[in-house]
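Trainee: I should like to go through the terms used for this predicted model and ask what each one rests on.
Mentor: Please do; each answer will set a value against a definition.

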Amino acid sequence: MSAEPSASLPSRPEPAPAAAAGRRRGWAVGALLLLGVLSPLALGWALLGPARPWRDELAGAAGLLGFAALLWSFVLSGRFRLLSDGLGMDRTMRWHRAIGVAVLLLLAHPFLYSLPDGPAFARPDDLARAGSLGLSGWALVSGMLAWLLLGLLALMALGRDMLPFRYESWRTTHGLLALAVAGLGLHHALEAGRYSAAPALTWLWVALTALAALSLVWVRLIRPIGLARRPWRVAALSPAAERIWELALEPEGHEGLRFKPGQFVWLKLDTGPFGRREHPFSIASAPSERALRFLIKEAGDFTRRIGALPVGARAYVDGPHGNLVAEGRPEPGIAFLCGGVGVAPALSLIRAEAARPDPRPMRLIYGNRHAGQVLARAELEALAAAGRLDLVLVLGEPPPGWSGETGQLDAALIARRCADVAAQGWLFVLCGPPPMLRAARRALRGLGVAEARILEERFSYG
Ligand SMILES: Cc1cc2nc3c(=O)[nH]c(=O)nc-3n(C[C@H](O)[C@H](O)[C@H](O)COP(=O)(O)OP(=O)(O)OC[C@H]3O[C@@H](n4cnc5c(N)ncnc54)[C@H](O)[C@@H]3O)c2cc1C
């Protein structure tokens, strides 16, 4: 275990193609999504042009942008590796939530119009609906229903942690509500939308709504069929630290999972492949091991029951997901800043890196409240003794005689322990509770570490 930061470290190499390709992919995914959200509005204006009073054009634009964003948010539900591998899982979910802003556009859109409402006002020569809104009875009904359900969807999303539902029930309701809003919104847009009446835009809306619905069918139906063909078995389960379990799964009748160290999977543990109960957990083992190992902290109703799982129980593994991946990165060393069970993905990365013939230098700064919470301590100390890892244990409540760091992983500690490797261009891998992650990011920015050199996994989508 180190008391002082290391002195001489390798200098910064040229960027490796894999990391640059990853960044390019992220940009490409972002640009495509932006294009997807803007395309209905662009198409509408290209076909008809903004001819109505500005308030009505604004209202129409809010409707078109909001509805497109809502439909694209289905594919940002976090299960499509094409998207989440490029953007990163955390960013994918942040975008999914950010798109919630679209909900505000949609909620505001009916109140922005200045033109008179209803077909009674439409002049026979006003086929382009420039002089009235032309709302028919059913279009009014679908619009109002979509508006009400959208408000409910927004309230449920904002108050998720305050609602007395289990996460799975919340997620199912969230998906069904979003689907109902999409269907009603489609009807409303096609019946009442001035721009959406243009055939090209009609088809675009139908295609986007079908894509949204398909993405739900994929996650709920098609993907589980694939999972059913590749079952896993609980091979071992043992306490790893205070209220933390180590779970080992072995493949049954297939060759297992190919993943990169640092990635995570969705686990279905006490249910069939089509069951709704599934939770994300980082893989803590190295890819060379046959079993997948996880470190699972008791947090709520699902994880509190983990310890009662019988050995031999069936499990299903959806993944791998996430881009907390150091493989192919150019940095000369890796510094891990982890809190509590957040060390799980770091362990996978450390185990894989340490097993390489030419491992990069690594430093783990690992915070816990007390010594009984430290995971894989013997293994980490053995790696430190072998010179493969610079281990810095930080305890909030240290035992008598403790000579390591004390307190929190705060800015002062991070600056003291990371200034040297920050200057050497190392990669930083962050995983832990949100306040720790925020403090660590701030501290690293203070040390001049570029965003591109920070990888982060949040153990929550909240
Ligand atoms: C990418 C990622 C990797 C993770 N890796 C680990 C790990 O290696 N070890 C570990 O102990 N924990 C990990 N977690 C956290 C773990 O998923 C939650 O603690 C667990 O799902 C809580 O479930 P619960 O029903 O016991 O608790 P609850 O009290 O129901 O949930 C606590 C919180 O966990 C989140 N959560 C619950 N269920 C889900 C779900 N199905 N999907 C997404 N979020 C959910 C919600 O924010 C919820 O508020 C990870 C989370 C994420 C997002």
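Trainee: Which residues of helix α10 are buried?
Mentor: In α10, which spans residues 377–385, the buried residues are Leu380, Leu383 and Ala384. Buried here means under 20% relative accessible area.

Trainee: What makes these buried residues line one face of α10?
Mentor: Viewed down the axis of α10, the buried residues fall within an arc of 100 degrees, and therefore they line one face of the helix.

Trainee: Which exposed residues does the face of α10 turned away from the buried side carry?
Mentor: That face carries Ala378 and Ala385. The term exposed requires over 50% relative accessible area.

Trainee: How many disulfides does a search of the whole structure find?
Mentor: The search finds zero. Cys338, for instance, is in no disulfide, and the nearest cysteine sulfur, that of Cys431, is 6.1 Å away.

Trainee: Why is Cys431 not counted as bonded to Cys338?
Mentor: A disulfide is a covalent bond between the sulfur atoms of two cysteines. The cut-off for such a pair is 2.5 Å. The sulfur of Cys431 is 6.1 Å from its closest cysteine sulfur, in Cys338, and is therefore too far for a bond.

Trainee: Why is Cys338 called buried?
Mentor: Cys338 has a relative accessible area of 1%, and the term applies under 20%. Cys338 is therefore buried. Cys431 also has a relative accessible area of 1%, so Cys431 is buried.

Trainee: Let us turn to the ligand. What makes the approach of Asp301 to the ligand a polar contact?
Mentor: A polar side-chain atom of Asp301 lies 2.7 Å from an oxygen atom of the ligand, and a polar contact is a pair of N or O atoms within 3.5 Å. The pair therefore meets the definition.

Trainee: Which backbone atoms lie at such distances from ligand oxygen atoms?
Mentor: A backbone N or O atom of Pro280 lies 2.7 Å from an oxygen atom of the ligand, and a polar backbone atom of Phe302 is 3.3 Å from a ligand oxygen. The protein covers 87% of the 890 Å² of accessible area that the ligand has on its own.

Trainee: How many residues surround the ligand, and which element supplies the largest share of the shell?
Mentor: The ligand is surrounded by 25 residues, with Arg160, Glu278, His279, Asp301 and Thr303 the closest. Strand β4 supplies the largest share, four residues. By class, the shell has 13 nonpolar, five polar and seven charged residues.

Technical notes:
Residues numbered from 1 in each chain as written. Predicted model: local features only at pLDDT ≥ 70, side-chain atom pairs only at ≥ 80, totals over all residues. Heavy atoms only, no water. Near = heavy atom within 4 Å. Polar contact = N/O pair within 3.5 Å; in protein donor to acceptor, adjacent residues only side chain to side chain. Areas by Shrake-Rupley, 256 points an atom, 1.4 Å probe, with all protein chains shown as cover. Helix = DSSP H or I, 4+ residues; strand = E, 2+ residues; numbered from the N terminus. Nonpolar A, V, L, I, M, F, W, Y, C, P; charged D, E, K, R; others polar. Buried < 20%, exposed > 50% of the residue type's maximum accessible area, 1.4 Å probe, protein only. Arc of directions from axis to C-beta.
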